[in-house]
Amino acid sequence: MTPARQPWAMRVYLVLARVLAPVWRQGLQRRLLRGKETPRSVRQKLGSEYADRPEGTLVWGHAVGVGESMALAGLFARLAERRPDCSFLITTTARTSGDALRRTGLPPRCQHQFAPVDTPEAVSRFLDHWRPSLALWCEMDLWPALIAETDARSIPRALVNARMSPESLAKRRWGRWLYQALLPGFRDLFAQNETTADALVALGAPRERITVSGTIKALVPPLACDADDLDAWQQALSDRPVWLLASSHPDEEDLALAAHARLCEQHPDALLVIAPRAPARGLEVAALASASVSKDVPLRSAGAHIATEAPVYIADTIGEMGLWYRLAPVALVGGSFASVGGHNPHEPLALGCAVLHGPNVWNFAESYERLDSLRQARPVNSEADVAREVAAVWGANRPVDTTALVDEQAEAVIERVQALLPR
């Protein structure tokens, strides 16, 4: 779209973005001094450092959070199998997302770099270098200058895995003039549910381009772990029955510890691994667990790298969920008893770890509904429910079947995205 044809809201935004470019630079320098950026991430965000662009067709995807970037990695892994002529680029804004991608391993022919700050100059340098054949935005991290310049270069684009609640729609209505300029240019928009589809229409997206596709987070690749660490743990645990409280929030540890006390009546050597969502809560959770079991509880961040005979272990480190999901045949996924709406069930399932969850799973409502129907996830409401279901998984002694986890809707997204690529 030429500047003369751009809606007034977009023209105003781009003028402000150009004027405020020094503010972006100053902000990045302050973040660098606080340790929230690295010199390399600052250079990439300002458009002064790039990796080499591979020859041929390049598919670019942008995400903000860890879950979204991992979902893009899974989508690109599937596309890489079907299009060996394509290369891939994932951009993120947060360091944690980039770190997670590097730990897990990028798909074949895929690179990661940080997205440019949303100024016309940085965006132009980014697109001049990478020249993508297709641009994907995952969820709703929509930067107007970046999208406007992508549109100006006639690069086809799609929005995947979009999700909005009524509350987030109400907040976004303040910027509806910008959304009315941004959303009509997307060739395809894939919404996780009907509520999001209606919200996209309310913000200006053409209804005929929207598909309710569910989540693509079922495509996430298995989380990585250190093979030597895994082997050491497996040898140390021997035949001890293990279960996991994953990504826990306050009060959920109390429930898990009460369930573990029940389990220990029949399985006195059982081990509960607690991985708090916020690792900074490690000492707090360890104190809670120690009071519950009347023993000192080992803390991974304090150097207790292997569980001893203690009945509870606190895994308060970042980026090691791949290890815990491999060690435990069953996990109670946190956030589902707290008022945060639950966390991703597909990460444990991809590693053969059965999933238990509480009633609060609105962040992944469609996933949990389907997984519950397949008995690949199980709802629980009390400590007694948790103890019963954990014991049932231990007794079954068979891995979770993950063959049905990628459903027809996710496959349809892959097909539609592939159709946007040049032949």
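Guide: A residue counts as buried when its relative accessible area is under 20%, as exposed when that area is over 50%, and as partly exposed in between. The model discussed here is predicted.

Visitor: Is Arg416 buried, partly exposed or exposed?

Guide: The relative accessible area of Arg416 is 32%. This value is neither under 20% nor over 50%. Arg416 is therefore partly exposed.

Visitor: Which residue forms a salt bridge with Arg416, and is that partner buried or exposed?

Guide: The closest N and O atoms of the pair formed by Arg416 and Asp188 are 2.5 Å apart. Arg416 belongs to helix H18 and Asp188 to strand E6, so the salt bridge ties together parts that are 228 residues apart in sequence. With a relative accessibility of 9%, under the limit of 20%, the partner Asp188 is buried.

Visitor: Why is strand E4 said to be largely enclosed by the rest of the structure?

Guide: In a regular strand, side chains alternate between the two faces of the sheet. On one side of E4, Leu134, Leu136 and Cys138 are buried, and on the other side Ala135 and Trp137 are buried. Strand E4 is therefore largely enclosed because, of its five residues, the number that are buried is five.

Visitor: Which strands pair with E4?

Guide: One partner, covering residues 57-62, joins E4 in the parallel sense over four bridges, and in this pairing Gly61 is matched with Leu136 of E4. The other partner, covering residues 157-162, also runs parallel to E4 and is joined to it by four bridges, with Trp137 matched to Leu159. The two strands are E1 and E5.

Visitor: Through which helix does the chain cross from E4 to E5, and what is the handedness of this crossover?

Guide: Strands E4 and E5 run parallel and are joined by four bridges. Between them the chain passes through helix H7, residues 144-152, and this β-α-β crossover is right-handed.

Visitor: How many residues apart are Glu366 and Arg163?

Guide: Glu366 and Arg163 form a salt bridge, their closest N and O atoms being 3.0 Å apart. Glu366 lies in helix H16, whereas Arg163 lies in the loop between E5 and helix H8, and the separation along the chain is 203 residues.

Visitor: What is the distance between the closest N and O atoms of Glu320 and Arg300?

Guide: Side chains of opposite charge can pair when their charged atoms come close. Arg300 is buried, at 6% relative accessibility. The closest N and O atoms of its salt bridge with Glu320 are separated by 2.6 Å.

Definitions and conventions
Residues are numbered from 1 along each chain as its sequence is written. This is a predicted model: local features need pLDDT of at least 70, side-chain atom pairs count only at pLDDT 80 or more; totals for chains, interfaces and linings use all residues. Side-chain values use heavy atoms; hydrogens and water are left out. Buried means under 20% relative accessible area, exposed over 50%, partly exposed in between (1.4 Å probe, protein chains only). Two strands pair if DSSP finds at least two bridges between them. A crossover is right-handed if, with the strands pointing away from the viewer, the path from the first strand over the helix to the second runs clockwise. A salt bridge is a side-chain nitrogen of Lys or Arg within 4 Å of a carboxyl oxygen of Asp or Glu.
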